[in-house]
Every structure is written in C-alpha cells, then in structure tokens.
Amino acid sequence: MSPELSEFFRLAPLGLIVGAFGTLVGAGGGAVLVPVLLILLPQEDPATVTAISMAVVFFNAYSGTITYIRMGRVDYRLGTLFTLSSLPGAVLGVLLVHQMPRNLFDPLFGVLLLSIGSFLLANPLGSAVAKRDSSSVSNRRTLLGSIGTAYISVISSFMGIGGGIIHVPFLVRILQIPPHTATATSHFVLTFVALTATTTHVAMGEFKHGLPQTMYLAVGVMMGAPVGAAISTRIRGSIIVRLLAVALCLVGLRLLARLF
C-alpha cells in the first residue's frame, strides 16, 4: 500500500467521525479536530494547524448546512445577520494566530478546552429548552447576538475550532432559540466564517504543505456530516456532548502537562 493511500485510510475515518459529531451538535468538528492535529503534528506551527482545521470545518459546515436546509431548520434572517457580523472577526483571528508561537498556543488551547469541557459537563447542549421560537427574537436580542457572534468568530478563527461549540450554547441560552434551529443556523454561519478564514490563510501563504491531509479529512467530514444531521433527529445530544466534554478536558490536561 502506497504512503498516500495509507494516509488516506488513516485520516478519512477520523474526518468521518469529526463530521458526524460536529454536525450533530452544530460545532463544525473543529473542537475535536484541532486537539487531534496538535497531537499528530507536534512540529507544525499554530497557523498551519488552524488552517487545516478551518478548511476541514468549511467542508463539514457546508455539507451539514445543505442537509439542514433540506430539513427546513435554518433561520435565514438571523443566519445572514450573524454571518455579516462575524466575517471581520474571522479575518482578525487568522491574522492573530500567525503571530502566535506554538509553545504559547498549546497551553492557551488547553485552557480553552478545559473551560469548554467543564461548561458542557454542567450544561450539555441538548439539555436546554428554549422559551421562544427563533422568529420572535427581539431586535435587542438580535443586536446582542450579532455582537456576541462577532467576538466568537475571532476566538474560533484564532483557535481553528470553527466556533459552533461556543456559538450554539450562546444562541440557545442567551437568545433562547430552539436547539435544533440554533444548531442549523450556527452551521450556516460557520460555513461562511470557515471559508473566510481559510481564504485568509491561503492569501497568507499557508497550505504549502498539508494540502493532501486536508483533502483526506475533508472527504471524511463530507461523508460524516449528513450522518450527524440524520442522527440529530432521533436522539438527544446531552449524553454525547458530555462524552465530548470529558474528552476535551482530558486533551486539555495533556496539552497543559507539556509545560511541566
């Protein structure tokens, strides 16, 4: 078996798992993929790792969004407003990560994983009950959502995680949007955020290497995204999200352990 084929069979199944889970919880898969890449690619700088992740997140989000559109779950009004507010932040996040050394990025990412993991353990995405339909979100809450989404896009692009794992709880708990609508709308926004971040990475000279690995992962996530969207109609995500939370905490601790 050639090295290229061996690499494909190693990364495509990983992409499938990332794509299915990322679409299931509206996270885009980056929160799972970046920690794995940090472990698999210890020699790469943060810009390369996040560039690969954001490109894969784009394919995941695009595939998942198409499925959610067919299900009629996307709120286009909120999705469009949040997308417009998030694009500058996507570019800013990429510019910042290009200035970040790996020995500082890893502990920062470790702290982020522990924070997200702890939050999800206490408040899994599938456990919230929204009090209103997305169409009744007030102008004040819409403005708050746009501002929050703008800040989230900076963090997500900087860390390469896509941001859905932060954005979905924000939409559900702050704007009180139904979880299924929040997940689908977050995926819609994430498609454009990830595309903008990936385009910025390309313009700054990334993907001189790592493009084959990105494509192998992309094949997997595009197969996994429809699976995650289909599963989301049949099960509650709270147990799955808690399992993810435990995994994020463990990886976060491992990244922080490298400091000692």
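This note covers the nonpolar cores, one helix packing and the aromatic pairs of a predicted model.

1. **Main core.** The largest nonpolar core has 30 residues. Phe109 and Leu217 have the most contacts inside it. Seven helices are worth tracing here, as each supplies at least two residues of this core: α1 (3–25), α2 (30–40), α3 (46–71), α5 (102–122), α6 (139–159), α9 (211–232) and α10 (238–257). The top contributor is α5, with six residues.

2. **Leu217.** Which residues does Leu217 touch, leaving aside those up to four places away in sequence? They are Leu11, Leu14, Gly15, Leu33, Leu37, Ile52 and Val56. Leu217 is also one of the two residues with the most contacts inside the largest core.

3. **Second core.** A separate core has 18 residues. Among them are Phe170, Val172, Leu175 and Ala184.

4. **Packing of α3 and α8.** Helix α8 spans residues 179–203. Its axis lies 7 Å from that of α3, and the two helices pack at an angle of about 145 degrees. The crossing is left-handed. What classes of residue make up the contact? There are 16 nonpolar, nine polar and no charged residues. Helix α3 also supplies at least two residues of the largest core.

5. **Aromatic pairs.** The structure holds eight of them. In one, the ring centres of Phe8 and Tyr216 are 5.7 Å apart. Their planes stand at 90 degrees, so this pair is edge-to-face. The cut-off for that label is over 60 degrees. The pair links distant parts of the chain, with Phe8 in helix α1 and Tyr216 in helix α9, 208 residues apart.

6. **Burial across that pair.** Are Phe8 and Tyr216 buried or partly exposed? Phe8 is partly exposed, because its relative accessible area is 24%. Tyr216 has a relative accessible area of 17%, so Tyr216 is buried. The limit for buried is under 20%.

7. **Ring cluster.** Phe8 and Tyr216 do not stand alone: ring pairs link Phe8, Phe9 and Tyr216 into a cluster.

8. **Phe58 and Phe59.** Here the ring centres are 5.3 Å apart. The planes are at 65 degrees, so this pair is edge-to-face. Phe58 counts as buried because its relative accessibility is 17%. Phe59, with a relative accessible area of 22%, is partly exposed.

Terms used
Residues are numbered from 1 along each chain as its sequence is written. This is a predicted model: local features need pLDDT of at least 70, side-chain atom pairs count only at pLDDT 80 or more; totals for chains, interfaces and linings use all residues. Side-chain values use heavy atoms; hydrogens and water are left out. A nonpolar core is a set of buried Ala, Val, Leu, Ile, Met, Phe, Trp, Tyr and Cys residues joined through side-chain atoms within 4.5 Å. Buried means under 20% relative accessible area, exposed over 50%, partly exposed in between (1.4 Å probe, protein chains only). Helices (H or I, at least four residues) and strands (E, at least two) are DSSP runs, numbered from the N terminus. Contact means heavy atoms within 4.5 Å. Axes are lines fitted to C-alpha atoms, for helices over the stretch in contact, and angles run from 0 to 180 degrees between N-to-C directions. A crossing is left-handed if the near helix is turned anticlockwise from the far one by less than a right angle, and right-handed if clockwise. Ala, Val, Leu, Ile, Met, Phe, Trp, Tyr, Cys and Pro count as nonpolar, Asp, Glu, Lys and Arg as charged, and the others, Gly among them, as polar. Rings of Phe, Tyr and Trp (its six-membered ring) pair if their centres lie within 6.5 Å; planes under 30 degrees apart count as stacked, over 60 as edge-to-face and the rest as tilted.
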